[in-house]
Amino acid sequence: MKRATLFLLLSLTLIIAAAAGGCGPDKDASANKPEATPTPDLPADVKDVAAVATPAPSDTPAPGQTGTGANVSEGNSDNNTVNATGELVSPVTSEVAVRTPGRVGKVFVDEGDRVRRGQPLLTLETQYLALDLKRADAEVARARAMAADAERDFKRKEDLVAKGSVARAAYDRSQSNYQAAQAGVASAEAERDLARQKLADAVLHSPINGVVAERKAAAGERMGDATVAFVLVQTSPLKLRFQLPERYLARVRRGQAVRATVDPYPGETFTGRVSVIGGVVDPQTRTVAVETEFPNSDGRLSPGLFARVEIDLGPSVEG
């Protein structure tokens, strides 16, 4: 009995000790918790930087945003400037051919050379043409001499027939000879003019201001009648063609300013004007063709160049 009582007291003692040990650490931890260390003051030269880096709270939306945070770009419907891409093309391409057959004597230009209107491109061999012209000149001189003699005889017969000293038939023959001699002079002069024109046509001239895109003739080569010797393209002015979406059709006008940039001249802008507006909308792309003209007086732009276009349109048309 004493042992049971002792064992019970010992068990109660252990339970009370365990309960006291579970509650004690919370009080000790709260009592031993280290106090917060105060933040040291920043140096004076750092305080300004810290103030800029930490903006004050504000209800005003940042630039470029609405109150709901939606971005606003420059490419909205109120913008009157439209960007496109196009290609520079020549308004005139000329295939220059010789007018008369012959052998090429000398070529004056090559591919890539710039030419002016009326500038010689090549000449055919002209030795025989020059001889033909001399012969034609001689024929003109002979025909004029014969005509002068026939005129004197006719004048004489005219005076004699008035006096009744010559038969009327002799007078008529003299008159016919004089008229035939005059016709002979005209024929000889026509032959001379033809020989002179052939000699002039032996030199091929440029019909436009432009550049030699292709040369098909070489010295010593035999050129047939109407054989193409050069392909020339006009470079001043140049045309720039591009497409615009159909929604801009009512806002584009002839004469509107167009700015273009090309890769060979980075950072440089060339200015032109709208010259043609297509009247038909492409059903595949829903675009309309626009053509502009650039003076290109210095010849720096070339046909075939890719160009980035910026065109100023008028305000949108409200329905």
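I count two strands as paired if DSSP finds at least two bridges between them. With that in hand, I opened this predicted model and started on the strands.

**Entry 1: β11, β12 and β13**

I looked first at strand β11, residues 257-262, and found it joined to strand β12, residues 270-281, by four bridges. These two strands run antiparallel. To get my bearings I picked Arg-259 and looked for its bridge partner in β12, which is Thr-271.

Then I turned to the link between β12 and strand β13, residues 287-294, where I found five bridges, again in an antiparallel arrangement. A handy pair to click on here is Val-276, which stands opposite Glu-291 in β13. β12 and β13 make a hairpin, with five residues between the strands. In that turn I noted Arg-286, whose phi is positive at about 55 degrees.

**Entry 2: Val-309**

Next I went to strand β14, residues 306-312, where Val-309 sits. Is Val-309 buried or exposed? Its relative accessible area is 3%, and the cut-off for buried is under 20%, so Val-309 counts as buried.

I wanted to know who surrounds it. Leaving aside neighbours within four places in sequence, Val-309 is in contact with residues including Val-82, Gly-86, Leu-240, Phe-242, Val-258 and Arg-259. That last one is the Arg-259 I had already met as the partner of Thr-271. I also checked Val-82: 227 residues separate it from Val-309 in sequence, yet their C-alpha atoms are 8.2 Å apart in space.

**Entry 3: the cavity**

I searched the whole structure for cavities of 30 Å³ or more and got one. The largest cavity holds about 30 Å³ of space. Which strand gives the most to its lining? It is β11, with three residues. Among the lining residues I noted Leu-240, Ala-260, Phe-270 and Ala-307. Leu-240 is also one of the contacts of Val-309. By type, the lining has seven nonpolar residues, one polar and no charged.

**Entry 4: helix α3 and the pocket**

I moved on to helix α3, residues 127-163, which has 37 residues. From first C-alpha to last it reaches 55 Å, close to the 54 Å expected at 1.5 Å a residue. Just after the helix comes Gly-164, with a positive phi near 80 degrees.

I listed the buried residues of α3, among them Leu-133, Ala-136, Val-140, Phe-154 and Lys-157. What do the buried residues of α3 pack against? They pack against α4, residues 168-201.

The largest pocket has a volume of about 290 Å³. Its lining counts 15 residues, and Arg-135, Ala-136, Glu-139, Ala-188 and Glu-191 lie nearest its centre. α3 and α4 each supply at least two lining residues, with α3 giving the most, eight. Here the lining divides into eight nonpolar residues, one polar and six charged.

**Entry 5: the open sheet**

Last, I traced a sheet of four strands, open and antiparallel, in the order β2-β9-β7-β4. β2 (93-97) and β4 (114-115) are at the edges with a single partner strand each, so one side of each has no neighbour in the sheet. As background, strands of a sheet pair through backbone hydrogen bonds.

For β4, I followed the pairing to strand β7, residues 210-215, which is antiparallel over two bridges. The bridge partner of Arg-114 in β7 is Val-211.

Key. Residues numbered from 1 in each chain as written. Predicted model: local features only at pLDDT ≥ 70, side-chain atom pairs only at ≥ 80, totals over all residues. Heavy atoms only, no water. Buried < 20%, exposed > 50% of the residue type's maximum accessible area, 1.4 Å probe, protein only. Contact = heavy atoms within 4.5 Å. Expected span 1.5 Å × (residues − 1). 1 Å grid on protein atoms, 1.4 Å probe; cavity = no way out; pocket = protein on both sides within 12 Å on 5 of 7 lines; lining within 4 Å. Points joined across faces, edges and corners; volume = space filled by probe spheres on them. Nonpolar A, V, L, I, M, F, W, Y, C, P; charged D, E, K, R; others polar.
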